[in-house]
Structure formats: C-alpha cells, structure tokens
Amino acid sequence: MRGRTFFLLVQNTVQKEYRNKTLIFLFLFTLFILWMDQTFFDFIKDKLFQGQTFSLFNFKLDLFYYIISSWNFLMGALLGVSCLRSDVQEGVLEEILSLPLSRINYITSRLVGTWLIVMGYYILSLLLAFLVFGYKGKGGLDFAWPLFSSLIMSSIPILAVITLGALFSLFFSRVWALLITLLFSSFVSFSNEIFAGKYFEGLTQIKSLGQGIYAFLHTFFPHIGTFNTLSKELFGNHELTKNLSLELVHFGLTFSLLLFILLKRLRNMENYVDEG
C-alpha cells in the first residue's frame, strides 16, 4: 500500500508540474537555442567552407549539449523550489501526510517526480537536437554510450540542485529560495574546483576564512560541479579526471545529510502548525 502511495505521489508531482507555464517558456527557449545553433554553424559552413561536403552534426550537438546541461540546473532549481512548497501553500500538506506514507517517502516522491520532469525535458531536448541537426544514424555504440553515460552522470547534480531548492523553499519565499539555490549551487561548484580530488580531508587544509567556507561546502554538500565536469568528460569520450567511485560514495553520504535536514525542517513545520 505504501509503495502504491509513493508512486501515486510521484505521478501527481509530474502531472502537477508538466503544464507549468515556466516549463512551456523553457521549451520555447530550447527551440530558440536549437535554431540559433543550427543557423550559426550553417552560416560558418556557407561562408568559410563553401562547396565542401562534411557534417557539422557533432559540432552543433556539442554546443547545444553544453548550453542545455547548464540550463537544466536552472530548471532543476525552478521546479525544486515548488515541489514541496506548493503543498504548503495549497494547504494539502497535512492531508498528504495523513496517508499511509512516511515523511521521508513523501519527500523523496516529490523529489523523484521533479527529477523525472527535468530529465524528461533533458532527453526530449536532445532528441529534438538529433532531429533538427539531421543525425544520420552513424557511430552506433561509439556514439550512443558517451551520450547515455553523460545523461546518467548529469542526473546526479540535477537531483542535488532540486533537493537544495526544496530545502530552501521551506525557509524562504519561492523567489528568494530560487535565488539562494542558484547562488549556493554556484558556490558549491566553485568550491569543487578549488578542492578537486579532495574529500573530507579538505577541512585540514584551511588557510583563510574564505578557504574555510569553500572547504565546508566541498566537504558537506554534493559535488555539483564535479559531476557536471564528469558528465562533459563522458560526453566528449575523454578520460575521467576524478575518482568516480569515491565521488559516488561522497554523494551518497552528503545527499543523505541533505535529506535528513529536509526531513527535520518538515517536522518542525508540522509542529509549528499543530501548535498554531
């Protein structure tokens, strides 16, 4: 029964968000990016390589992938700040929590539903790119594996950004939560560059207050920037510059910490409502 309730909430999350006006705007903007990408490379080919027969598909896809991978973090933050807060604002939180469903399953069902929307948008965008850029079916597994593995890797930091957005939305208004999520994610990504390849030992190498803040962010929060780098390396079929196994272990620990804080905040809000 609990498993069925969980999947119903995931389905409800998807149904609640996929008609969001923000999503429609993002989709239209994606079409604009595709058109600009196509036009730019066709212009370069016509002016500089006129009469030569070669495909610009890989160049077009590389540029589009780079843009869309960054764009999806914004989308994750936009939907993340709504996935739990909308239940509070609409007054349905108490009704949902009265179902045979644990608090942690409620949180994860909303996060998973939001994550599925973002990843669905990601995949749809890439399929449109294949169609617009005129993919000829060449490359086989040599082309499919880097793309698939990169998508999987991208899904990890997207989930982290969604979770951060959901957490901040329980402390601040939606607009402020969005701004804080984007700013905080940027600082975490920057800290990942500073302490690249280091994990919990980062706290032992502090020489200034600023470095201490970055070491704290790098140590206790998911490595958003690192996984984004790994995703691009996989897409480009390059050798990985980070230890993937250790990164996954670190993500599991720090993401669990985020869920714990989120759960704690939700319970505090429940107690506040009950006292009120």
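Axes are lines fitted to C-alpha atoms, for helices over the stretch in contact, and angles run from 0 to 180 degrees between N-to-C directions. The model is predicted: local features need pLDDT of at least 70, side-chain atom pairs count only at pLDDT 80 or more, and totals for chains, interfaces and linings use all residues. Residues are numbered from 1 along each chain as its sequence is written, and side-chain values use heavy atoms, with hydrogens and water left out.

**Exercise 1. State how α8 and α9 pack, and which residues meet.**

Step 1. Helices (H or I, at least four residues) and strands (E, at least two) are DSSP runs, numbered from the N terminus. Helix α8 covers residues 174-194 and helix α9 covers residues 209-220.

Step 2. The angle between the two helices is about 95°, and their axes are 8 Å apart. Therefore α8 is roughly perpendicular to α9; the classes are under 35 degrees for roughly parallel, over 145 for roughly antiparallel, 65 to 115 for roughly perpendicular, and oblique for the rest.

Step 3. A contact means heavy atoms within 4.5 Å. From α8, Phe 184, Phe 187, Val 188, Phe 190, Ser 191, Asn 192 and Ile 194 meet Tyr 214, Leu 217 and His 218 of α9.

Step 4. By class, seven residues of this contact are nonpolar, three are polar and none is charged. Here Ala, Val, Leu, Ile, Met, Phe, Trp, Tyr, Cys and Pro count as nonpolar, Asp, Glu, Lys and Arg as charged, and the others, Gly among them, as polar.

**Exercise 2. Describe the packing of α3 with α6, then place Asn 72.**

Step 1. Helix α3 (residues 57-83) packs against helix α6 (residues 103-133) at about 160°, with the axes 10 Å apart. The two helices are therefore roughly antiparallel.

Step 2. The residues of this contact comprise 18 nonpolar, six polar and two charged.

Step 3. The crossing of α3 and α6 is right-handed, that is, the near helix is turned clockwise from the far one by less than a right angle (anticlockwise for left-handed).

Step 4. Asn 72 belongs to α3. Its relative accessibility is 0%, so Asn 72 counts as buried (buried is under 20% relative accessible area, exposed over 50%, partly exposed in between, with a 1.4 Å probe and protein chains only).

Step 5. Beyond its neighbours within four places in sequence, Asn 72 contacts Val 118, Tyr 121, Tyr 122 and Ile 158. The C-alpha atoms of Asn 72 and Met 119 are 8.4 Å apart, although 47 residues separate the pair in sequence.

**Exercise 3. Identify the polar contacts of Thr 13 and of Ser 155.**

Step 1. A polar contact is a pair of N or O atoms within 3.5 Å; within protein, one must be able to donate a hydrogen and the other to accept it, and residues adjacent in sequence count only if both atoms are side-chain atoms.

Step 2. Thr 13 is in helix α1 (residues 2-17) and is buried at 0% relative accessibility. Its side chain reaches the backbone oxygen of Leu 9 at 2.7 Å, and a polar contact of 2.8 Å joins it to the side chain of Arg 110.

Step 3. Not counting residues up to four places away in sequence, Thr 13 touches Ser 109, Arg 110, Gly 113, Thr 114 and Ile 117.

Step 4. Ser 155 lies in helix α7 (residues 141-169) and is buried at 10% relative accessibility. A polar atom of the Ser 155 side chain is 2.5 Å from the backbone oxygen of Ile 152.

Step 5. With residues up to four places away in sequence set aside, Ser 155 touches Trp 115 and Met 119. Ser 155 and Ser 69 are 86 residues apart in sequence and 9.9 Å apart in space, C-alpha to C-alpha.

**Exercise 4. Is Leu 240 buried or partly exposed?**

Step 1. Leu 240 sits in the loop between α10 (224-235) and α11 (244-275).

Step 2. At 30% relative accessibility, Leu 240 counts as partly exposed.

Step 3. Leaving aside neighbours within four places in sequence, Leu 240 is in contact with Leu 230, Glu 233 and Leu 234.

**Exercise 5. Summarise the protein chain.**

Step 1. The chain has 11 helices and zero strands.

Step 2. Of its 276 residues, 45% are buried.

Step 3. Among contacts between residues at least 6 apart in sequence, 79% join residues at least 24 apart.
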